Amino acid sequence: MFSGKQSKPTFKSYLPPLQTDLKKSPQLPIKKLEAKLLPGEIVVNEANFVRKCIGAESCQDDLWGKLVCTNFKVSFISHNSLPRQRFQCTHRLLGEHDIPLACVEQVVTVNDVKGKQKILGSNQKLKFNPTELILYCKDFRIIRFRFDEAGPESAKKVCLAIAHYSHPADPQLLFGFEYVGKRYHGSAGEQVNGVDPGGGMQTPLFDCSSDWDREIKRTGASEWRVCTINQGYFISPSLPEFFVVPVSLADQDLKQYACFFYSQRIPLWCWNHSSGSALVRMSNISDPQQQRKVEQRISSAITKSHPLRSDVFKSDLDKTLPNIQDIQAALLKLRCLFRTFLRHAVEVVYMLERRNVPVILLENEDRDLSCVISCLVQLMCDPHCRSLHGFQGLIQKEWVMAGHRFLDRCNHLKKNDKEESPVFLLFLDCAWQLWNQYPAAFEFTDVYLTVLGDSMWVPIFSTFLFNCPRQRAENSRDFASSKSIHLGQDQALRFPPVWDWSQQFSLKDQTLFNNPLYVGKIATCVQNGTVKTFTHRRSKKNYSSTLRGLPSAFRNGSIGPNDTLARRNSLVLRLRSDLSQVREQQETPSERFIRDFFSRPVDLQGLLLPQLLPSHLSVWKLYFLRWVPEAQIPQGGPITTFHKLSVLTDEIEMLQNQLKQYKGAGGTPNNLHVEPSKMYFKSSSTPHQPPAPPEYLSSSFPFSPVGNLCRPGILGTPLSKFLNGAKIWLSTETLANETF
């Protein structure tokens, strides 16, 4: 009945065998997530198991980590790296996911379950546990965090901490004071505060008389002198301690006249034209009874400084340009706004260049509009101001030392929205328009201008931290006293200027500032074995197709209320022929000056005037659209041209160095010292094989929209809301349901 043969087992297991040897499956060590802190930086609050939203529609690319609030920044620390993040410019003060508190515009908390949301301010209470945090930033980013797995109390505390510390109540609560105070005392007792004056800084800070003396000699302003009556800020609280005045004005006269000007702001010399005409800025005279007498005395002194004793032309900026409230609200009409400022700057250039007369820029307080116009005039007239150090010195002289209210206009303390106005950003946009039309005339790139705009929100640098030099001195002295910091021979803490770019970027990343197209004074080329100076000449045909058929009022970049843009060869143009002839006879001298300029080849080391036609004014895409995914062009945009030009420039520099080595060795190449390349992108070492553009290049380079704008489109972003005049930005859920 039963056979003696043993049957085989029929059961089959589909489970993997039990692993008994633990050494074969080593466990990865769990790295503790800690924020990298700067000197003087402390952690205020933090929350674990926070999700940073990366994808706009799905959460598969989101990152998990710790959200940390310090007295300087909002930091997100994660084990993972961003997907598709193949490149980014490494910032030495900020990490990949860090946001300076000064850059936070609004803090919005949301509870999905209860359907509640609240915009948090300083010292406010939060009655619900947030499930989401949305940070709207001044650089047009939207950063979104989820607290689905985080503890409700820790989520609430970190949100309140971010809201509180992004609204400091006093300038000395800005992180820059703690940072500089800690850096002031080195581990060995040596002074490491701010920037070492012997560290090779080439940008003049205009905080000493020698900087002004050099500027006087550079511009040939022999009838002007450095004035020292404001040392210790004895005369005016908002003027620098050193400034330039006519030789014919005595110190005693200046002290007597100071009380008649608004905030005792005596007229400031800005720059001298090669013809001898001076550009001067002046606040209004507050005493009507003394106005005529004081104006005549000041004008007479400026006239005496001119070689031909030409009369003074006064340009009243308060009457002809928008005020700071208009600027704050005018990004809805952004193109019209900077066209207005550029056109007025051209009119001032006409008075200096063609009429050969001194110009006074009149403004009530002489601290906003004068900064923009004086800088634009010098950018158009003076090629030195288009070099990197010249541009930085220009901002230092006309903005920082002249007392522009950076603390109020940037609203670092978030106390008074009426004082907030992006005046400096307006200037950078105007400068970019000029750069965009004449890129070879500027030593720097648009990446440099963008990074400079971002640096306003890093409250460490003296450049953008105060309303005037006196405020910097007084606050730093008070802070040093409260912290028992011994200043020694210094009168105040030495905050680093933003011009020390090594504080933010490596030397490698700083090469992104260098323009491969730049044609400087010493730029040369070799043609048929002869070294010649390179001269850029523009074809006269460049603008013919654009100008053909336009109303004559467009000659100076403006359009009348009755003018429209008609199609070429249209009946409207033929019907307007008689009207055009009438307008041709009414051409103003300034319009003729502009027309004559564009009828000649352009000298990139001479006068530059901007084209003010709408077709020539563009959106500064790298600044305004860099966080918008839809605006990003992979492997496209101006960066591809920049890459090819950089490679070509690097190859030329390499060949020039080889030629120098060859000549220096008597016809035999040697290993002489080779200067490092100034270009970010290098040429290939293999001849006739230029390197292909890297895969990470996009039109947003070197910035990445990934993880910085969590929406499927531009609608609802800060840019969209800003252009629609909104003052408050809501949560992403609310914005998603809005109809524009």
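Biologist: Of the 740 residues of the protein, what percentage count as buried?
Modeller: Happy to start there, with the reminder that this is a predicted model. A residue counts as buried when its relative accessible area is under 20%. Across the 740 residues of the protein, the share that counts as buried is 52%.

Biologist: Thanks! How many helices and strands does the secondary structure come to?
Modeller: The chain holds both kinds of element. Strand β1, for example, covers residues 43-52, and α21 covers 638-664. The full secondary structure comes to 23 helices and 16 strands.

Biologist: Among contacts with a separation of 6 or more, what percentage is accounted for by residues 24 or more positions apart?
Modeller: Contact here means heavy atoms within 4.5 Å. Taking the contacts with a separation of 6 or more, residues 24 or more positions apart account for 71%.

Biologist: Now to charges. Which residue meets Arg51 in a salt bridge?
Modeller: Arg51 sits in strand β1 and is linked to a distant part of the chain, with its partner 97 residues apart in the loop between β8 and α1. Arg51 is buried because its relative accessible area is 14%, while the partner counts as partly exposed at 40%. The N to O distance is 2.7 Å, and the partner is Asp148.

Biologist: How far apart are the closest N and O atoms of Glu132 and Arg144?
Modeller: Glu132 lies in strand β7 and Arg144 in strand β8, 12 residues apart. Both Glu132 and Arg144 are buried. They form a salt bridge, and the closest N and O atoms are apart by 2.3 Å.

Biologist: Is Lys397 buried or exposed?
Modeller: Lys397 forms a salt bridge with Glu398, with 3.8 Å between the closest N and O atoms. Both belong to a network of salt bridges that also includes Glu215, Arg218, Arg265, Arg281, Asp366 and Asp382. Glu398 has a relative accessible area of 2% and is buried. Lys397 has 4% relative accessibility, so Lys397 counts as buried.

Biologist: And how many salt bridges does a search of the whole structure find?
Modeller: The pairs above, including Arg51 with Asp148 and Glu132 with Arg144, are part of a longer list. For the whole structure, the search finds 32.

Biologist: Which residues form a positive surface patch with Lys116?
Modeller: Lys116 is in strand β6, residues 116-120. A patch residue needs over 30% relative accessible area and no salt bridge, and Lys116 is partly exposed at 43%. The other members of the positive patch are Lys114, Lys125 and Lys127.

Biologist: Phe49 catches my eye. What is its phi?
Modeller: Phe49 is in strand β1 and is exposed because its relative accessible area is 57%. Beyond its neighbours within four places in sequence, Phe49 is in contact with Trp64, Gly65, Glu149 and Ala150. Phe49 is not a glycine, yet its phi is positive, at about 55 degrees.

Biologist: Which serine has a positive phi near 55 degrees?
Modeller: This residue is in the loop between α4 and β11. With a relative accessible area of 25%, it is partly exposed. The residue with this positive phi is Ser263.

Biologist: One last point: which peptide bond is cis, with omega near 5 degrees?
Modeller: Look in the loop between α21 and α22, where Pro702 lies. The cis bond leads into that proline, and it runs from Phe701 to Pro702.

Conventions. Residues numbered from 1 in each chain as written. Predicted model: local features only at pLDDT ≥ 70, side-chain atom pairs only at ≥ 80, totals over all residues. Heavy atoms only, no water. Patch = residues over 30% accessible without salt bridge, like charges linked within 9 Å, V, L, I, M, F, W, Y side chains within 5 Å. Areas by Shrake-Rupley, 256 points an atom, 1.4 Å probe, with all protein chains shown as cover. Salt bridge = Lys/Arg side-chain N within 4 Å of Asp/Glu carboxyl O. Lys, Arg positive; Asp, Glu negative; His and termini not counted. Charge placed at Lys NZ, Arg CZ, Asp CG, Glu CD. Helix = DSSP H or I, 4+ residues; strand = E, 2+ residues; numbered from the N terminus. Buried < 20%, exposed > 50% of the residue type's maximum accessible area, 1.4 Å probe, protein only.
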